[in-house]
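Subject: Structure handover

Hello,

Here is the structure I promised to pass on. Please open it first, then read the notes below it.

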Amino acid sequence: MSRTLPIAIGDRFARVGQSDKVYVVTGLRTKPGEPPHAQLALEGGGGPILIGVSALTDRSLYQRVPS
């Protein structure tokens, strides 16, 4: 059975309460037996961040930012 992730490369997110920092999804990582992760980059520069997709899609932690 194939599952699609609720996010895609290029999606933009901000932490709830910190809308001045926008993160862009630059990659998606899936390994069998492990939860999927997204690689993020801070818009405007910054090193990569790896975060679980479940945390990124939790509306109490992150919110989507329109393009």
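Let me start with one pair of side chains. R12 and E43 form a salt bridge, and their closest N and O atoms are 3.1 Å or less apart, at 2.8 Å. To put that distance plainly and correctly: it is 2.8 Å, and the 3.1 Å figure belongs to another pair, described below. Keep in mind that this is a predicted model.

Where do the two partners sit? R12 is in strand β1 and E43 is in the loop between β3 and β4, so the salt bridge ties together parts that are 31 residues apart in sequence. Strand β1 covers residues 12-15. The two ends differ in exposure. R12 has a relative accessible area of 17%, under the 20% limit, so R12 counts as buried. E43 has 40% relative accessibility and therefore counts as partly exposed. The side chains of R12 and E43 also register as a polar contact, again at 2.8 Å.

R12 has other neighbours too. Leaving out residues up to four places away in sequence, R12 touches V22, Y23 and V24, then E43, and then Q63, R64, V65, P66 and S67.

How many salt bridges does the structure hold? There are 2. Besides R12 with E43, D11 pairs with R64, with the closest N and O atoms 3.1 Å apart. This pair links distant parts of the chain. D11 lies in the segment before β1, R64 lies in strand β5, and 53 residues separate them. R64 is partly exposed, with a relative accessible area of 47%.

Now the sheet. It is open and has 5 strands, in the order β4-β3-β2-β1-β5. The pairing is antiparallel. Which strands are at the edges? They are β4 (48-52) and β5 (62-64), and each pairs on one side only. From one strand to the next, the twist averages 40°.

Two of the pairings deserve a look:

- β2 and β3 pair in the antiparallel sense over 6 bridges. Here L28 stands opposite A38, and Y23 stands opposite L42.
- β3 and β4 pair in the antiparallel sense over 5 bridges. Here Q39 stands opposite L50.

β3 and β4 also form a hairpin, with 5 residues between them. G44 sits in the turn and has a positive phi of about 95°.

Next, the core. In soluble globular proteins, nonpolar side chains tend to be buried together. Here the largest nonpolar core has 10 residues: I7, F13, Y23, V25, A38, L40, I51, V53, L56 and Y62. Which elements each supply at least two residues of this core? They are β2 (18-29), β3 (37-42) and α1 (53-56).

Two core members are worth selecting on screen. The first on my list is V25, in strand β2. Is V25 buried or exposed? At 1% relative accessibility, V25 counts as buried. Leaving out residues up to four places away in sequence, V25 touches I7, A8, I9, G10, D11 and F13, as well as A38, Q39, L40 and L56. By contrast, P35 is 10 residues from V25 in sequence, and their C-alpha atoms are 16 Å apart in space.

The other is A38. With the same sequence neighbours left out, A38 touches I7, V25, G27, L28, I49, L50, I51, V53 and L56. So that you can link the two views: V25 is among the contacts of A38, and A38 is among those of V25.

Last, the end of the chain. V65 lies in the segment after β5. Which residues does V65 touch, not counting those up to four places away in sequence? They are R12, F13, A14 and V22. A14 is 51 residues from V65 along the chain, yet their C-alpha atoms are separated by 6.6 Å. That brings us back to R12, which has V65 among its own contacts.

Best wishes

Terms used
Residues numbered from 1 in each chain as written. Predicted model: local features only at pLDDT ≥ 70, side-chain atom pairs only at ≥ 80, totals over all residues. Heavy atoms only, no water. Core = buried A, V, L, I, M, F, W, Y, C linked by side-chain atoms within 4.5 Å. Buried < 20%, exposed > 50% of the residue type's maximum accessible area, 1.4 Å probe, protein only. Helix = DSSP H or I, 4+ residues; strand = E, 2+ residues; numbered from the N terminus. Contact = heavy atoms within 4.5 Å. Pairing = 2+ DSSP bridges. Axes fitted to C-alpha atoms, helices over the stretch in contact; angles between N-to-C directions. Polar contact = N/O pair within 3.5 Å; in protein donor to acceptor, adjacent residues only side chain to side chain. Salt bridge = Lys/Arg side-chain N within 4 Å of Asp/Glu carboxyl O.
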